[in-house]
Each structure stands twice: as structure tokens, then as C-alpha cells.
Amino acid sequence: MVFSGGTPIAGAVSRLADIGSRLADLPGTGVLTVLASLAVGVVLANFLVRLIGRPVARRVSRQSVAQTIVRGVRVGTIAASVLVGLGAVGFRFADLLLGTAVFSAVIGIVLAPLVGNFINGVFILADQPFEIGDMIELEDGTTGFVEDITIRYTKIFTLDNTFLVVPNGTMRERDVTNFSAEDERTRRSIDVLVTYESDIPEARRLIERAARDSEAVVDGGPDIRIGVARYMAGPDCRLHEFADDGVLLRLRYWVKKPYKLAKVQSDVNTEIRERLADADVEMAYPHRHLVFDDTSGVARVDAATETSGADGAHGAADPTPGDGAGATETTESGPSDADNPAGSIDGSDGRR
């Protein structure tokens with residue numbers, strides 16, 4: 001059976017194929033095809049991200065891993081669309097592999113740091129040393145919050161309101177202190193040096209009370225467990241050391257949240273200072289006493305210089321160079337000691 005409309009349909013298909021072949025022969029058609037494929041891939045990647053974003057976030061507890069999965073789906077979809085476009089324009093991937101083999105040494109040297117960051121990023125995501133939102137401190141003292149963890153770098157939002165982007169290869173080599181790991185309570189210590197004459201029990205009581213009055217400090221409660229040990233939750237001041245200049249008291253206390261450690265320590269220091277000022281407790285500081293006795297030496301004074309200076313003030317000294325006797329005779333011809341009391345040294349016979 002032959003349909004009457006079969007011939008026109010076949011002719012339309014042949015015309016479309018002919019138009020397609022002509023368009024393929026136009027300059028720049030291959031580039032446009034690849035760009036069109038890339039655009040389709042971007043649209044499809046955004047659709048897939050919206051489709052799987054929430055289910056992945058619900059199933060994966062770690063936010064960094066969930067974001068890595070979503071980014072992988074986006075990049076994979078776009079890369080696949082580009083490969084399809086390249087295949088549609090007749091690009092031969094065997095030539096690409098051959099060229100990559102030729103320049104493999106150069107590419108290896110250039111991409112070695114990038115590959116290392118990728119591998120270290122996988123280790124960071126697997127080892128879970130920190131998570132997005134944790135407060136961390138680097139070995140150089142930089143403190144901030146983990147803003148993002150990617151497969152290549154870790155972004156830290158510092159307390160100075162700046163972003164710090166650290167490659168994962170460098171991040172794994174640094175010592176990182178995580179203040180938000182499991183339990184956010186953080187223990188701090190303050191050393192207070194008081195004199196030996198102070199009331200030590202009263203000083204310890206006042207120092208502990210100063211810490212308890214701070215709202216950010218854990219006042220008490222069950223002991224805090226760290227590993228197999230347990231530590232007192234409330235502030236605890238103990239006699240730490242008999243120092244050279246006084247008795248060293250060490251206060252240890254727990255802060256509820258680690259986000260304002262410097263401010264909390266400043267408030268506790270202020271309270272300690274105010275409370276000890278009104279008590280029978282004196283804060284010690286280094287003293288230095290200089291003692292001179294018979295073994296300390298003798299201070300020597302040049303009497304001739306002193307005499308010459310006194311005579312020069314009156315203008316009676318002979319400016320002509322000569323021996324000491326001539327200078328003495330010239331001086332003695334001046335005013336008497338009674339008229340000029342300052343001209344006498346020993347006050348007995350007026351000799352210079």
C-alpha cells in the first residue's frame with residue numbers, strides 16, 4: 001500500500017538534509033555548533049542542580065560534601081555537552097590523545113600543583129578536620145570561619161572581615177585548630193602574680209568570682225569530659241608557682257562560645273583588677289634595688305678640673321699656658337675668700 005503523501009514527505013526530508021549539508025559547509029558552523037551544545041549543557045546542568053539539590057542536602061549530612069556532589073554534577077553535565085558538540089562537528093579524540101601524549105611532560109609540570117590540590121581536597125573532604133561554619137585558627141594566628149570547601153581550595157572568612165583563600169595542598173600542611181569541633185566550649189587561662197604578703201586564699205576566691213560574673217563563662221555544672229579525663233566546668237584558680245617576684249595564681253575557666261575569646265578574656269581581666277584593688281591583695285611586679293656599700297667602689301672627682309671651672313667663672317685664671325704654680329699665684333692675687341666665698345675650696349686657708 002502506497003500513501004499519496006509519501007512522495008512529498010520524502011522530498012521534504014531530502015531538502016532538509018540538503019540544507020543541513022549546506023549549513024555545515026559554511027565557515028564558523030562548527031564553532032556555533034559547539035557553542036550551542038555548550039548552552040544546552042548549561043541549561044541542562046542548572047535544571048539537574050535544582051532537581052537534585054535538596055535531596056542531596058537531605059541525604060548527605062556534611063554540607064561540604066553535598067556542595068561537592070552538586071558541583072560535580074554541574075561540571076560533568078557541561079563537559080558532556082561540549083564533548084557531544086565536538087563529536088557532532090567531526091572532532092577526532094584520537095588526535096587529542098596523541099597530542100596530549102606528546103606534551104604530557106609539559107602538562108604534567110604545569111598541572112602538578114593543581115592535581116595536588118585536587119588530591120588534598122579529596123583527603124580534606126574524607127578526613128573531616130573541619131566543616132563549613134566551623135571557627136578555626138591557623139598556625140600563624142589567623143582566626144576565622146570556614147566559608148566554603150571545594151575540591152581545590154578552602155575559603156576562610158577571617159575576623160578582620162576579609163576572605164582568605166588557601167589551596168588545599170597548603171591547607172593540609174598547616175596546623176589547624178578547630179574551636180567548633182563537637183563541643184564549642186573552650187578553656188582559657190589567666191596568670192595573676194600577687195605578692196607574698198597578700199591574702200592568697202582571698203585572692204583565689206576573688207579571681208574565681210570575677211570569672212563567674214561574666215555571662216560568657218561557664219559558671220558550673222557537670223564536669224566537662226575530654227577524652228578519658230574530666231575537668232571542672234566552673235572557674236578554678238590554683239596556686240601555680242612560687243615565682244621570684246611573687247606567688248603565681250593561674251585561673252582556668254570555660255567559655256560557652258569561642259567566637260569572642262579576646263573580649264571575654266578582657267572582661268575577666270578587668271573584673272580581676274577591680275576586685276583585687278579593694279582587697280588585701282597586691283598584684284606583684286618586678287622590683288630592682290640598687291645597694292652601695294664599702295665594696296661598691298670609690299667615685300673619683302678631678303679636683304683640678306673643678307678648680308679651673310670655678311676660677312674660669314670669675315675670670316681670674318691666667319689664660320697663658322704655664323705650670324701649676326703660676327696658675328696658683330695668679331689665682332691667689334684675686335679677691336679674698338671673705339669677699340668671694342665661692343672661691344674657697346676647703347674653707348681653711350683659702351688654698352686652691
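Hi everyone. When I say that residues pack against something today, I mean contact, that is, heavy atoms within 4.5 Å. And please keep in mind that this is a predicted model.

Let's start with helix α7, residues 200–212. Which of its residues are buried? They are Ile200, Ala203, Leu206, Ile207, Glu208, Ala210 and Ala211. These buried residues of α7 pack against strands β6 (186–194), β9 (236–242) and β10 (247–255), and against helix α8 (261–277). There is also a nice length check for α7: at 1.5 Å a residue, its 13 residues should span 18 Å. The end C-alpha atoms are 19 Å apart, which agrees.

Now over to strand β3, residues 153–158. Its side chains alternate. Thr154, Ile156 and Thr158 point to one face and are buried, while Tyr153, Lys155 and Phe157 point to the other face and are not buried.

What does β3 pair with? On the β2 side, strand β2 (residues 143–149) and β3 pair in the antiparallel sense over five bridges. Ile156, one of the buried residues of β3, is the bridge partner of Val146. A hairpin of three residues joins β2 to β3.

Then there is strand β4, residues 163–167, which also pairs with β3 in the antiparallel sense, over five bridges. Here Tyr153 stands opposite Pro167 of β4. The hairpin of β3 and β4 has four residues between the strands, and in it Asn161 takes a positive phi near 65 degrees.

Next, the surface. Val31, Leu32, Leu35, Leu38 and Val42 form a nonpolar patch there, with about 430 Å² of accessible area together. Val42 lies in helix α2, residues 29–59. Is Val42 buried, exposed or partly exposed? Its relative accessible area is 33%, and partly exposed covers the range from 20% to 50%, so Val42 counts as partly exposed.

Let me finish with the protein as a whole. Its secondary structure comes to ten helices and ten strands. Of its 352 residues, 24% count as buried. Among the contacts with a separation of 6 or more, 61% are between residues 24 or more positions apart. The protein exposes about 23900 Å², and carbon and sulfur atoms supply 58% of that area.

That's my tour, thanks for listening!

Notes. Residues numbered from 1 in each chain as written. Predicted model: local features only at pLDDT ≥ 70, side-chain atom pairs only at ≥ 80, totals over all residues. Heavy atoms only, no water. Buried < 20%, exposed > 50% of the residue type's maximum accessible area, 1.4 Å probe, protein only. Helix = DSSP H or I, 4+ residues; strand = E, 2+ residues; numbered from the N terminus. Pairing = 2+ DSSP bridges. Patch = residues over 30% accessible without salt bridge, like charges linked within 9 Å, V, L, I, M, F, W, Y side chains within 5 Å. Areas by Shrake-Rupley, 256 points an atom, 1.4 Å probe, with all protein chains shown as cover. Salt bridge = Lys/Arg side-chain N within 4 Å of Asp/Glu carboxyl O. Expected span 1.5 Å × (residues − 1).
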